Amino acid sequence: MGVKAHNGRLLVDEFDFSLDTFSAGLANTAEALESSNWQSAAMQYQPDAASGQLTMSGYYTGNDAGDIYQEIYSRLGTEAAAYVAWLLNTAALGNPAYVVDTAWGSNVAVDTPVNDLLKFNGQFEGVVYGGVTLLDGVVSATGNGTVVTLPAAGSAGGRAYLFVRGITGTAVDAIISVECDTVVGMTTPTDKGSITFSDVGVYTLAITGAVETYVRVTIDDLGGATNITAALVLCVADVTM
């Protein structure tokens, strides 16, 4: 069965644009570089480094219009690292997700095709990593998350991206870990690393070594916060990315 896109979530750093967008698209490309020489019988080419582009379109009204535009525009051509994530079918964990790492905005446009309704189009470019969603929503207690089954085990590590969108109360050194195991019950999990944070934003975790087939997040510590709204995308080398 296909993955339903209407339950998707679009994140730009700690901002959730899901209710302001109606479409998104992802393209990975590798430009052709001419490599002809004097002895070439015909034009010769070789591939350039791969790059990715994520485009988004949406409508908005009211005061939020200026906020959304400002967040996209502030990342236009910037060298500061930004992160954009597109989570597909957030009705369930384990579905595909894509993260544009070290993203920068290459285009933002505003149009008014309908009276009193603003339309925006934006595009981010960067290095795209595919993964699966291990966390999406509000967490208010410590404990183990839902077990997700990867398509296969990985042997070359990967990376995790934690998008912290909101904190109720104050968090000081909240901790979320990533675990894996060879059995679905995860009776002997392996800790692949943890992310410590105290504010909204995007946090990354470099993962080394084997990543076994069954994975989950563990909420180790809320840092004193009442609850935390966040999403975590796990990208496994040679499996999802």
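This is a working chat about a predicted model of one protein chain.

Colleague: What secondary structure does the chain have?

Modeller: The chain has 1 helix and 17 strands. Keep in mind that the model is predicted.

Colleague: How much of the chain counts as buried?

Modeller: Of its 241 residues, 43% count as buried. The accessible surface comes to about 11,900 Å². Carbon and sulfur atoms hold 49% of that surface.

Colleague: And what share of the contacts comes from residues 24 or more positions apart?

Modeller: Among contacts with a separation of 6 or more, the share is 75%.

Colleague: Let's start at β1. Which way do its side chains point?

Modeller: Arg-9 and Leu-11 point one way from β1. Leu-10 and Val-12 point the other way. All four are buried.

Colleague: Why the alternation?

Modeller: Side chains in a regular strand alternate between the two faces of the sheet.

Colleague: Which strands run antiparallel to β1?

Modeller: β7 does, joined to β1 by 4 bridges. Arg-9 has Leu-87 as its bridge partner in β7. β2 also pairs with β1 in the antiparallel sense, over 2 bridges. There, Val-12 is partnered with Phe-15.

Colleague: What about the hairpin of β1 and β2?

Modeller: It has 2 residues between the strands. Asp-13 takes a positive phi there, near 55 degrees.

Colleague: Now charges. How many salt bridges are there?

Modeller: The structure holds 7.

Colleague: Which partner does Asp-13 have?

Modeller: Arg-75. Their side chains meet in a salt bridge at 2.8 Å, N to O. Arg-75 lies in the loop between α1 (64–73) and β7 (82–87), and Asp-13 in the loop between β1 (9–12) and β2 (15–16), so this salt bridge ties together parts 62 residues apart in sequence.

Colleague: Are those two buried or exposed?

Modeller: Arg-75 and Asp-13 are both buried.

Colleague: Back to Arg-9. What does it form a salt bridge with?

Modeller: With Asp-16. The closest N and O atoms are 2.7 Å apart.

Colleague: Why does Arg-9 count as buried, and Asp-16 as partly exposed?

Modeller: Arg-9 has a relative accessible area of 17%, so it falls under the 20% cut-off for buried. Asp-16 is at 28%, so it sits between that cut-off and the 50% one for exposed.

Colleague: Which salt bridge involves Arg-159?

Modeller: Arg-159 pairs with Asp-101, with the closest N and O atoms 3.4 Å apart. This pair links distant parts of the chain. Arg-159 is in strand β12 (residues 158–168), Asp-101 is in strand β8 (residues 96–114), and they are 58 residues apart. Arg-159 is partly exposed at 27%, whereas Asp-101 is buried at 9%.

Colleague: Which residues do shared partners join into one network?

Modeller: Arg-9, Asp-16, Asp-136 and Arg-165.

Colleague: Switching topic. Where is Asp-220?

Modeller: In strand β16 (residues 214–221). Asp-220 is partly exposed, at 39% relative accessibility.

Colleague: What does Asp-220 touch?

Modeller: Leaving out residues up to four places away in sequence, Asp-220 touches Thr-142, Ile-175, Ile-176 and Ser-177. A polar contact of 2.3 Å joins its side chain to that of Ser-177.

Colleague: How far is Asp-220 from Ser-194?

Modeller: They are 8.9 Å apart, C-alpha to C-alpha, and 26 residues apart in sequence.

Colleague: Last topic, the largest nonpolar core. Which members touch the most others?

Modeller: Leu-134, Leu-162, Ile-228, Leu-232 and Leu-234, out of 29 residues. Elements giving two or more residues to this core include β9 (117–139), β12, β13 (174–181) and β16. β17 gives the largest share, 5 residues.

Colleague: What is Ile-228 in contact with?

Modeller: Beyond its neighbours within four places in sequence, its contacts include Gly-137, Val-138, Val-164, Ile-167, Phe-197 and Leu-222.

Colleague: Which residues are in the other core?

Modeller: That core lies apart from the largest one and has 15 residues. Among them are Leu-10, Val-12, Ala-103 and Phe-124. Leu-10 and Val-12 are the pair that point the same way from β1.

Definitions and conventions. Residues are numbered from 1 along each chain as its sequence is written. This is a predicted model: local features need pLDDT of at least 70, side-chain atom pairs count only at pLDDT 80 or more; totals for chains, interfaces and linings use all residues. Side-chain values use heavy atoms; hydrogens and water are left out. A salt bridge is a side-chain nitrogen of Lys or Arg within 4 Å of a carboxyl oxygen of Asp or Glu. Buried means under 20% relative accessible area, exposed over 50%, partly exposed in between (1.4 Å probe, protein chains only). Contact means heavy atoms within 4.5 Å. A polar contact is a pair of N or O atoms within 3.5 Å; within protein, one must be able to donate a hydrogen and the other to accept it, and residues adjacent in sequence count only if both atoms are side-chain atoms. Accessible areas come from the Shrake-Rupley method with a 1.4 Å probe; for residues, only the protein chains shown count as cover. Two strands pair if DSSP finds at least two bridges between them. A nonpolar core is a set of buried Ala, Val, Leu, Ile, Met, Phe, Trp, Tyr and Cys residues joined through side-chain atoms within 4.5 Å.
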